[in-house]
Amino acid sequence: MTVLEQRRNDYQDKILHETREDPETGALHWEASGNPVPLDMFKTAWIEAPEGQAAAIAAKTAAFLADYRANPPKIDDEQMYEMRAAFGPGETVVNVITGEKTFL
């Protein structure tokens with residue numbers, strides 16, 4: 001069995017046995033985390049994704065980004081030190097999700 005065949009079998013097993021179906025959308029979500037199963041898992045497993053899968057992924061991503069924008073992580077002293085070491089003092093680093101600028 002090739003590595004690709006083994007991966008396909010592993011993904012098929014995970015999709016069939018470690019997910020639950022959302023009764024409203026038909027999308028499959030991981031039992032452990034509640035996150036929707038990524039579309040590439042279906043492709044690799046040679047399983048057709050449920051009709052609502054892409055919409056469920058998009059909704060989860062939008063909710064995550066909205067929460068991140070509302071509660072951006074604070075930059076602590078260690079992170080500031082690492083950014084100065086990486087980019088140099090006097091540079092400006094921009095968080096591409098929030099647009100927040102950090103002056104080093």
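Is Asp-77 buried or exposed, and what is its relative accessible area? In this predicted model, Asp-77 is exposed, with a relative accessible area of 71%. The residue sits in helix 4, which spans residues 77-87. Asp-77 also belongs to a negative surface patch, where it is joined by Asp-76, Glu-78 and Glu-82. The exposed label follows because the cut-off for that class is over 50% relative accessible area, and Asp-77 has 71%.

Beyond helix 4, the chain enters a loop that leads to strand 3 (92-94), and Gly-90 is found in this loop. Gly-90 is likewise a residue that counts as exposed, its relative accessible area being 63%. The C-alpha atom of Gly-90 lies 5.1 Å from that of Leu-104, although 14 residues separate the two along the chain.

We can turn next to charge pairing. Side chains of opposite charge can pair when their charged atoms come close. The structure holds 1 salt bridge, and its partners are Glu-18 and Lys-14, whose side chains meet with an N to O distance of 4.0 Å. Glu-18 is partly exposed, at 35% relative accessibility. For Lys-14 the relative accessible area is 34%, and this residue too is partly exposed. Both values fall in the middle class because partly exposed covers the range between the buried limit of 20% and the exposed limit of 50%.

The interior offers a contrasting topic. In soluble globular proteins, nonpolar side chains tend to be buried together. Here the largest nonpolar core is made up of 7 residues, namely Ile-15, Leu-28, Trp-30, Val-37, Met-41, Phe-42 and Ala-45. Two elements, strand 2 (28-30) and helix 2 (39-45), each give two or more residues to this core. Helix 2 provides the largest share, with 3 residues.

A backbone feature is found at Trp-46, in the loop between helix 2 and helix 3 (53-70). Most residues other than glycine have a negative phi. Trp-46, however, has a positive phi of about 60° although it is not a glycine. The side of the picture that concerns accessibility is equally clear: Trp-46 counts as exposed, at 65% relative accessibility. Trp-30, by comparison, is one of the residues of the largest nonpolar core.

Notes. Residues are numbered from 1 along each chain as its sequence is written. This is a predicted model: local features need pLDDT of at least 70, side-chain atom pairs count only at pLDDT 80 or more; totals for chains, interfaces and linings use all residues. Side-chain values use heavy atoms; hydrogens and water are left out. Buried means under 20% relative accessible area, exposed over 50%, partly exposed in between (1.4 Å probe, protein chains only). Patches are made of residues with over 30% relative accessible area and no salt bridge: like charges are joined within 9 Å, nonpolar side chains (Val, Leu, Ile, Met, Phe, Trp, Tyr) within 5 Å. Accessible areas come from the Shrake-Rupley method with a 1.4 Å probe; for residues, only the protein chains shown count as cover. Lys and Arg count as positive and Asp and Glu as negative; His and the chain ends are not counted. The place of a charge is taken as NZ of Lys, CZ of Arg, CG of Asp or CD of Glu. Helices (H or I, at least four residues) and strands (E, at least two) are DSSP runs, numbered from the N terminus. A nonpolar core is a set of buried Ala, Val, Leu, Ile, Met, Phe, Trp, Tyr and Cys residues joined through side-chain atoms within 4.5 Å.
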